[in-house]
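Please work through the exercises below with the sequence and the 3D view open side by side. Each exercise gives a task and then a solution in steps.

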Amino acid sequence: QRFECNEIYTKVDSVLVSINPFQPLPLYTPDILDRYIESGATMPPHVFGLAGCAYHNLLTTGANQSVILSGESGSGKTEASK
């Protein structure tokens, strides 16, 4: 159902799962980024939220953070990491 609504991200604990929609979606605009900066914790799952969480944890704990992107060729890893 989420995919049919162009909601390609699903979060399971600290893991963000994304599905390639095979079409351009306006998911990485400056407006979307600003919304995640302002209220990330209350927003739907998104790569911006994951990055914000990692950055927040870095600042509050001082511990190193890492994000692992995994998937088949053409699955959208490069687009998600931009």
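The exercises that follow concern a predicted model, and they treat pockets, salt bridges, a surface patch and some loop residues.

**Exercise 1. The largest pocket**

Task: Find out how much space lies in the largest pocket, which elements give residues to its lining, and how that lining divides by class.

Solution:
- Step 1. Begin with the volume: the space in the largest pocket comes to about 460 Å³.
- Step 2. Turn to the lining, which is made up of 23 residues, with L16, L50, V67, I68 and L69 lying nearest the centre of this pocket.
- Step 3. Trace the lining back to the elements: strand 1 (9-12), strand 2 (15-18), helix 2 (47-61) and helix 3 (77-81) are those that give two or more residues to the lining of the largest pocket, and helix 2 gives the most, with 5 residues.
- Step 4. Sort the lining residues of the largest pocket by class, which yields 12 nonpolar, 9 polar and 2 charged residues.

**Exercise 2. The second largest pocket**

Task: Describe the second largest pocket in the same manner, and state which helix gives the most to its lining.

Solution:
- Step 1. The volume of the second largest pocket is about 370 Å³.
- Step 2. This pocket is lined by 19 residues, and G40, F48, G49, G52 and C53 are the closest to its centre.
- Step 3. At least two residues of this lining come from helix 1 (30-39), and at least two from helix 2; the most come from helix 2, which gives 6 residues.
- Step 4. By class, the lining of the second largest pocket holds 12 nonpolar, 5 polar and 2 charged residues.
- Step 5. Put the two pockets side by side: helix 2 gives the most to the lining of the largest pocket, and helix 2 also gives the most to the lining of the second largest pocket.

**Exercise 3. Salt bridges**

Task: Determine how many salt bridges the model has, and for each one say which residues form the pair and how exposed they are.

Solution:
- Step 1. Fix the rule, under which a side-chain nitrogen of Lys or Arg must lie within 4 Å of a carboxyl oxygen of Asp or Glu; the count by this rule is 3 salt bridges.
- Step 2. One pair is R2 and E7, whose closest N and O atoms are 3.2 Å apart. R2 is partly exposed, at a relative accessible area of 34%, and E7 is partly exposed as well, at 38%.
- Step 3. Another pair is R35 and D31, with 3.0 Å between the closest N and O atoms. These two residues are 4 residues apart in helix 1, and therefore about one helical turn separates them. R35 counts as partly exposed, with a relative accessible area of 38%, and D31 counts as partly exposed at 46%.
- Step 4. A further pair is E79 and K82, where the closest N and O atoms are 3.2 Å apart. E79 is partly exposed at 40% relative accessibility, whereas K82 is exposed, with a relative accessible area of 73%.

**Exercise 4. A nonpolar patch on the surface**

Task: Find which residues form a nonpolar patch on the surface, and what accessible area they have together.

Solution:
- Step 1. The patch is formed by V12, V15 and V17, which together have about 240 Å² of accessible area.
- Step 2. Look at V15, which is placed in strand 2. Its relative accessible area is 47%, so V15 is partly exposed.

**Exercise 5. Loop residues and backbone angles**

Task: Locate D13 and F22, and say for each whether the residue is buried or exposed.

Solution:
- Step 1. D13 is in the loop between strand 1 and strand 2, and at 71% relative accessibility D13 counts as exposed.
- Step 2. The phi angle of D13 is near 60 degrees, which is a positive value in a residue other than glycine.
- Step 3. F22 belongs to the loop between strand 2 and helix 1, and F22 is exposed, with a relative accessible area of 71%. The phi angle of F22 is near 55 degrees, again a positive value in a residue other than glycine.
- Step 4. Follow F22 across the model to G76: the two are 54 residues apart in sequence, and their C-alpha atoms are 9.0 Å apart in space. G76 is in the loop between helix 2 and helix 3, and at 29% relative accessibility G76 is partly exposed.

Methods:
Residues numbered from 1 in each chain as written. Predicted model: local features only at pLDDT ≥ 70, side-chain atom pairs only at ≥ 80, totals over all residues. Heavy atoms only, no water. 1 Å grid on protein atoms, 1.4 Å probe; cavity = no way out; pocket = protein on both sides within 12 Å on 5 of 7 lines; lining within 4 Å. Points joined across faces, edges and corners; volume = space filled by probe spheres on them. Nonpolar A, V, L, I, M, F, W, Y, C, P; charged D, E, K, R; others polar. Patch = residues over 30% accessible without salt bridge, like charges linked within 9 Å, V, L, I, M, F, W, Y side chains within 5 Å. Areas by Shrake-Rupley, 256 points an atom, 1.4 Å probe, with all protein chains shown as cover. Buried < 20%, exposed > 50% of the residue type's maximum accessible area, 1.4 Å probe, protein only.
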